[in-house]
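Have your viewer ready and the selection panel open. We will go from one chain to its partner, and then to the nucleic acid.

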Protein chains: 2
Amino acid sequence: MPRPNRSEERKTELTPVLARAFADLGYRSATTAALAEACGLRENQLYRLWPSKKAMFLATLDYLYELETRWWDEHLSAAAADPSGAAAAAQRILEEEGKRRGETGLHRIIFAGLSESDDPEISAAVTAMYHRFHKFIANVLRRSAKARGGDLPDHAAPPNLAAWSLIALATFSNIAREFDLFPLATQRKLMAQVGSSLAGLNAHETPSD
Amino acid sequence: MPRPNRSEERKTELTPVLARAFADLGYRSATTAALAEACGLRENQLYRLWPSKKAMFLATLDYLYELETRWWDEHLSAAAADPSGAAAAAQRILEEEGKRRGETGLHRIIFAGLSESDDPEISAAVTAMYHRFHKFIANVLRRSAKARGGDLPDHAAPPNLAAWSLIALATFSNIAREFDLFPLATQRKLMAQVGSSLAGLNAHETPSD
DNA sequence: TTATTATGTAAGTATCCACTAACACCAATC
DNA sequence: GATTGGTGTTAGTGGATACTTACATAATAA
């Protein structure tokens with residue numbers, strides 16, 4: 001007899017909006033009032049969908065992680081079919097990643113998570129996300145190395161280490177953007193040039209500059 | 001006739017205590033009450049030394065930056081006198097840096113600054129600190145390259161880029177520690193192995209593992 | 001129609017926290 | 001020893017904000 005419960009649909013509709021708000025404002029400044037306004041609702045209504053602000057935050061973290069891995073999946077499967085070789089394709093991906101400039105806001109949200117690291121739930125969520133992401137990247141690197149014959153150049157790090165290094169570069173790259181630490185061109189080079197060196201992609205070719 | 005003003009001395013005495021508190025608690029949880037207690041004072045008295053909590057935070061940022069560069073200065077001048085060569089010495093420093101595990105708490109404080117990045121003063125302070133640090137590291141790398149004949153191996157990044165990469169590794173290394181992302185050994189390798197590859201230190205030698 | 005639950009609106013509460021006001025005491029110089 | 005400002009102690013205050021309560025209305029299925 002009652003009217004149907006559309007909570008789940010509304011949540012999936014609203015999560016991107018929350019994500020945008022958290023990314024734009026940061027955890028602290030994203031007050032529940034601000035979040036509600038961004039959603040075109042009252043605070044009250046938000047609390048009928050999620051039990052707390054923290055739950056809203058964790059929902060956005062999940063959502064953005066999905067978005068991010070989907071992006072990589074798409075680009076990587078395109079790269080796998082690339083006739084010019086895995087190395088060149090991977091390098092191209094790194095360049096694109098450098099160009100993206102963190103438009104999803106995932107990193108801004110991770111920073112927010114960082115400063116809330118005393119909260120065990122948030123800390124666990126951030127940790128899990130990094131681990132899943134690392135596994136993902138390390139696998140890609142392993143496959144890429146195998147495709148190229150299995151021998152990494154001397155200076156290249158093993159996939160595990162290289163994956164963490166790439167994640168480090170990407171994370172810092174976003175810090176740099178946040179604070180305008182260096183120009184966009186430098187940021188791109190950081191991913192494309194340093195990144196591919198780490199991954200052992202430019203073993204037998206010298207980067208142009 | 002009044003008794004002498006010891007504000008400056010007290011400030012320099014208290015800044016390390018504040019730094020410890022900010023690093024342990026983070027910006028948000030480091031309430032003025034907590035800061036005062038850590039100092040063995042009343043909130044009131046803190047406010048007689050600094051005009052605001054933000055000012056206290058900026059003071060600790062300055063202090064920790066000084067501490068950090070002093071550490072590097074000492075180790076680098078020792079390395080300059082090292083008979084076994086600049087490259088080996090630099091690599092040893094990277095190993096030590098990996099071992100330090102951010103005991104000063106500088107990075108935790110930077111995370112705090114990150115999430116307060118909407119505050120222009122704090123943002124400016126963090127930016128300035130990164131820039132000064134980058135200049136410092138890039139210079140070291142340039143000198144080191146020159147000492148080794150001026151020719152960097154193909155895979156090594158130019159000093160500017162390499163310096164940012166090293167800073168990225170160090171920053172992320174501290175994120176990793178905060179969240180226990182990977183074991184200590186990995187953390188050390190990240191600095192020692194990947195770091196020296198980036199700096200072009202292991203051009204003609206293969207790292208042992 | 002009617003019972004029942006989702007949805008909308010308005011106001012409120014409880015708590016935390018940066019920052020302040022008021023007052024007593026003490027130490028140093030004249 | 002008197003004056004002056006540093007120091008200690010207690011108690012606030014004002015504002016922000018996560019979360020709640022109460023109630024009206026709308027939509028669904030019996």
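Two residues are taken to be in contact if their C-beta atoms, placed from the backbone, lie within 7 Å. Keep that cut-off in mind for the stops below, and remember that this is a predicted model.

**Stop 1: chain A alone**

Select chain A and colour by secondary structure. You should find nine helices and zero strands, so to speak a plain α-α-α-α-α-α-α-α-α when read along the sequence. Turn the C-alpha trace onto its principal axes and the span is about 65 × 40 × 30 Å. Chain A has 209 residues, and 39% of them count as buried. If you draw a contact map, consider the pairs at least 6 apart in sequence: 65% of these contacts in chain A join residues at least 24 apart.

**Stop 2: where the two chains meet**

Now add chain B and select the contact between the chains. Chain A brings 40 residues to the contact and chain B brings 40 residues. On the side of chain A that touches chain B, the elements giving two or more residues are α1 (7-29), α6 (106-115), α7 (120-147), α8 (159-179) and α9 (184-198). Highlight α8(A) here, as this helix gives the most to that side, with eleven residues. Coloured by class, the side of chain A that touches chain B shows 21 nonpolar, 13 polar and six charged residues.

**Stop 3: one helix pair across the contact**

Keep α8(A) selected and add α9(B), residues 184-198 of chain B. How far apart are the axes of α8(A) and α9(B), and at what angle do the helices pack? The axes are 11 Å apart and the angle is about 90 degrees. Angles of 65 to 115 degrees count as roughly perpendicular, which is why α8(A) is described as roughly perpendicular to α9(B).

Show side chains next. From α8(A), pick Leu161(A), Trp164(A) and Ser165(A); they meet Lys189(B), Leu190(B), Gln193(B) and Val194(B) in α9(B). By class, the residues of this contact of α8(A) with α9(B) are four nonpolar, two polar and one charged.

**Stop 4: DNA strand D**

Finally, select DNA strand D and the protein around it. There are 22 residues surrounding strand D, and the closest are Thr31(A), Thr32(A), Ser52(A), Lys53(A) and Pro2(B). Which helices should you highlight as each supplying at least two residues of the surface near DNA strand D? Choose α2 (32-39) and α3 (43-49) of chain A, together with α3 (43-49) of chain B. Colour this surface by class to end the tour: seven residues are nonpolar, eight polar and seven charged.

Key
Residues numbered from 1 in each chain as written. Chains lettered and ligands numbered in written order. Predicted model: local features only at pLDDT ≥ 70, side-chain atom pairs only at ≥ 80, totals over all residues. Near = placed C-beta within 6 Å. Helix = DSSP H or I, 4+ residues; strand = E, 2+ residues; numbered from the N terminus. Nonpolar A, V, L, I, M, F, W, Y, C, P; charged D, E, K, R; others polar. Buried ≥ 20, exposed ≤ 12 C-beta atoms within 10 Å, placed from the backbone. Axes fitted to C-alpha atoms, helices over the stretch in contact; angles between N-to-C directions. Parallel < 35°, antiparallel > 145°, perpendicular 65-115°, else oblique.
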